[in-house]
Amino acid sequence: MENYSGVIIYAFIAAIALLFGGIISVIKEPSTKVRSAILHFAAGVIFSVVSVELLPDIMARHDVLEIATGFGAGVFLMLGIRYFLEPKKEKGNEPGFPTAFIVVIAVDLIIDGVLMGIGFATSRETGTFLAIAISIELLSLGMATSITLAGSNVNRTQTILTNLGLSALVLGSTLLSAFSLVGISAGYLEVILAFGLAALLFLVTEELLVEAHENRQNPMLTAAFFGGFLLFMLLPGG
């Protein structure tokens, strides 16, 4: 691959965006309404990534077996994470560290890294566009992660360290995928994209929007979802 410098630079930008978003929410804890708006916005951006980037590529090849394999594996993994790692809610229990949520976020970040890596393995222009778009997603996702941790009574130090670890995961998955997925067959790529599609949909519908709707809603908060969706669509190359 000729885009070594581009991959490294944009991988760092994406990782820093996630960390920066997380730290912002730690320094200045947002109000309930701002918290809901951020979660809606993050969900909108991720859903737009699914619609604008993943679905067209998956449907262009449209191999039923490959799609079913990747999508099914993604669904089962996400449901397994939810079942085995999410603590059962009982009366009188204090909120604990949201392990299931963080694992789901980690899977999402690995997928984001793979998408950026695939983009740079394809061309510098494609990789750059995906990196910019995903960095915007990660900025809001970092904020959403810190918000969820704060809601579970996780202290600031743990929250910052968690975001730091997740940022390292983004960086590592991007670099690893960019240098290892060069020349990957269309079939394997279809399976990876279908898996990512399921995982991202789960993150939006079962994590971010559920968290966003825990408090009273109004039309402006809901509009943040569509604002995030629109922002990704308007980016050059989207």
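Two salt bridges turn up in a search of the whole structure. The model is predicted. Side chains of opposite charge can pair when their charged atoms come close.

One bridge joins the side chains of Glu66 and Arg61, with N to O at 2.8 Å. The other joins Arg82 and Glu206, whose closest N and O atoms are 3.7 Å apart. This second pair links distant parts of the chain. Arg82 sits in helix H3 (residues 64–85), while Glu206 belongs to helix H7 (residues 186–212). The two residues are 124 residues apart.

How accessible are the four partners? The table lists each value.

| Residue | Relative accessibility | Class |
|---|---|---|
| Glu66 | 14% | buried |
| Arg61 | 41% | partly exposed |
| Arg82 | 21% | partly exposed |
| Glu206 | 34% | partly exposed |

Glu66 counts as buried because its relative accessibility is 14%, and the cut-off for buried is under 20%. Arg82, at 21%, is partly exposed.

Next comes a serine. Where is Ser135 found? Ser135 lies in helix H5 (residues 124–151). Is Ser135 buried or exposed? With a relative accessible area of 8%, Ser135 is buried. A polar atom of the Ser135 side chain lies 2.7 Å from the backbone oxygen of Ala131. Which residues does Ser135 contact, leaving aside its neighbours within four places in sequence? They are Ile13, Ala14 and Ala17.

Notes:
Residues numbered from 1 in each chain as written. Predicted model: local features only at pLDDT ≥ 70, side-chain atom pairs only at ≥ 80, totals over all residues. Heavy atoms only, no water. Salt bridge = Lys/Arg side-chain N within 4 Å of Asp/Glu carboxyl O. Buried < 20%, exposed > 50% of the residue type's maximum accessible area, 1.4 Å probe, protein only. Helix = DSSP H or I, 4+ residues; strand = E, 2+ residues; numbered from the N terminus. Polar contact = N/O pair within 3.5 Å; in protein donor to acceptor, adjacent residues only side chain to side chain. Contact = heavy atoms within 4.5 Å.
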